[in-house]
Amino acid sequence: MTKRLDLRVDFAFKSLFGTHGNESILAAFLNAALRFPDEKKIQTVQLLDPHFNKENQEDKRSILDVHAQLEDGSRVNIEIQLNNKHDMEKRTLYYWSKMYSSQMKEGMDYGELCKTITINIVNFRYLSHIHEYHSTFQLYEREQKLLLTDMLEIHFMELPKLLIKWRNREVDPREDQLVRWLLLLEASEDEEITQVLEEIAMQEDQVLKKAMDEWERVSQDPEVLLAYEARRKALLDEKSALKRAEKKGKEEAIKAMAIGMIQEGIANNVISKLTGLSIKEIEMLRHQ
């Protein structure tokens, strides 16, 4: 079987969920993610121009988001992130605000603005104090827990947490459709997940079957593969840069701590034990 694209790469994710002709796949994912009751299930979605943030020339990633409108006018933006840039809450609020405000046209009343939903799928643990893999945030009054408005809704879906639950058999893709769709993002590197999802697709889920067939097709498209590999390389380079920056930040923090101890008159051997710096490195700091 052909090696399938890694759907955690945003380009591949958009190729499957954010491409015209695949609206039924996106609708199925959103029904699972937003857990609408049966009478409010999404039947159709309209893909929108993802360039709602054109004026921010520095952030090219917004063009890789999946931006859609639901039947009731609600706007949804789905972003998938491989790397933790440690700014997710500010980033997601910024994109939410751009998407919400982009609805406003000249002469339009505020009451015409529609609900705006952001879904962040992340390939790292982000909310360390929350055990669940799917978290939903809205605007509440702090003491009374009273919902101010349902216009804002922000979701975080943490794939590593889901994988732990899957391996511990705490979740079942046969019973939970969101588990089904999120595990699909991991399937390129897990034969067991692929096999289980293929069985579900053949036995009961025609939309999942369509998604897996389309995934197979785009994974063999030479033009798609070329763009995918370029994007995957860019993400790997980004990950390396983030690691280098993180390492440099730690090194600078350790040096700053050592300098503070030097100024306090602490002995070299104690500083070395507490910071991990060599005596030679500490002596160099003393003579700076």
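**Exercise 1. Find where serine 278 sits, and decide whether it is buried or exposed.**

Step 1. Look at the loop between α9 and α10: that's where serine 278 lies. Helices here are DSSP runs of H or I with at least four residues, strands are runs of E with at least two, and both are numbered from the N terminus.

Step 2. Check the accessible area. Serine 278 has a relative accessible area of 32%. Buried means under 20%, exposed means over 50%, and partly exposed is in between, using a 1.4 Å probe and protein chains only. So serine 278 counts as partly exposed.

Step 3. Pick a partner for scale. From serine 278 to glutamate 71 is 64 Å, C-alpha to C-alpha, and the two are 207 residues apart in sequence.

A word on the ground rules: this is a predicted model, where local features need pLDDT of at least 70, side-chain atom pairs count only at pLDDT 80 or more, and totals for chains, interfaces and linings use all residues. Residues are numbered from 1 along each chain as its sequence is written, and side-chain values use heavy atoms, with hydrogens and water left out.

**Exercise 2. Work out how α9 and α10 pack against each other.**

Step 1. Get the geometry. Helix α9 (residues 268-275) meets helix α10 (residues 279-286) at an angle of about 115°, and their axes are 9 Å apart. Axes are lines fitted to C-alpha atoms, for helices over the stretch in contact, and angles run from 0 to 180 degrees between N-to-C directions.

Step 2. Name the arrangement. Angles under 35 degrees count as roughly parallel, over 145 as roughly antiparallel, 65 to 115 as roughly perpendicular, and the rest as oblique. That's why α9 and α10 are called roughly perpendicular.

Step 3. Add the handedness: α9 and α10 cross in a right-handed way. A crossing is right-handed if the near helix is turned clockwise from the far one by less than a right angle, and left-handed if anticlockwise.

Step 4. List who touches whom, where contact means heavy atoms within 4.5 Å. From α9 come Asn268, Asn269, Ile271 and Ser272, and from α10 come Ile279, Ile282, Glu283 and Arg286.

Step 5. Sort the residues of this α9 and α10 contact: three are nonpolar, three polar and two charged. Here Ala, Val, Leu, Ile, Met, Phe, Trp, Tyr, Cys and Pro count as nonpolar, Asp, Glu, Lys and Arg as charged, and the others, Gly among them, as polar.

**Exercise 3. Describe how α8 meets α10, then place methionine 257.**

Step 1. Helix α8 (residues 222-263) and α10 cross at roughly 70°, with axes that come within 10 Å. That makes the two roughly perpendicular.

Step 2. The crossing of α8 and α10 is right-handed.

Step 3. On the α8 side, the contact uses Lys255, Ala258, Ile259 and Ile262, while α10 supplies Ile282, Leu285 and Arg286. By class, that's five nonpolar, no polar and two charged residues.

Step 4. Methionine 257 is also in α8. With a relative accessible area of 42%, methionine 257 is partly exposed. Leaving aside neighbours within four places in sequence, methionine 257 is in contact with Leu274 and Thr275.

**Exercise 4. Which way do α5 and α7 run relative to each other?**

Step 1. The axes of α5 and helix α7 (residues 206-218) come within 12 Å and cross at roughly 10°. The pair is therefore roughly parallel.

Step 2. Arg180, Trp181 and Leu184 in α5 meet Val207, Leu208, Ala211, Met212 and Trp215 in α7. That contact has seven nonpolar residues, no polar ones and one charged.

**Exercise 5. Find the buried side of α4 and what packs there.**

Step 1. In α4 (residues 159-167), the buried residues are Leu159, Lys161, Leu162, Leu163, Lys165 and Trp166.

Step 2. They pack against β4 (116-122), β6 (147-158), α5 (177-186) and α6 (191-203).

Step 3. Just after α4, arginine 169 has a positive phi of about 60°.

**Exercise 6. Explore the largest nonpolar core.**

Step 1. A nonpolar core is a set of buried Ala, Val, Leu, Ile, Met, Phe, Trp, Tyr and Cys residues joined through side-chain atoms within 4.5 Å. The largest has 56 residues, and Phe29, Leu30, Ile119, Ile121 and Leu184 touch the most other members.

Step 2. Helix α2 (residues 23-34) gives this core its largest share, nine residues.
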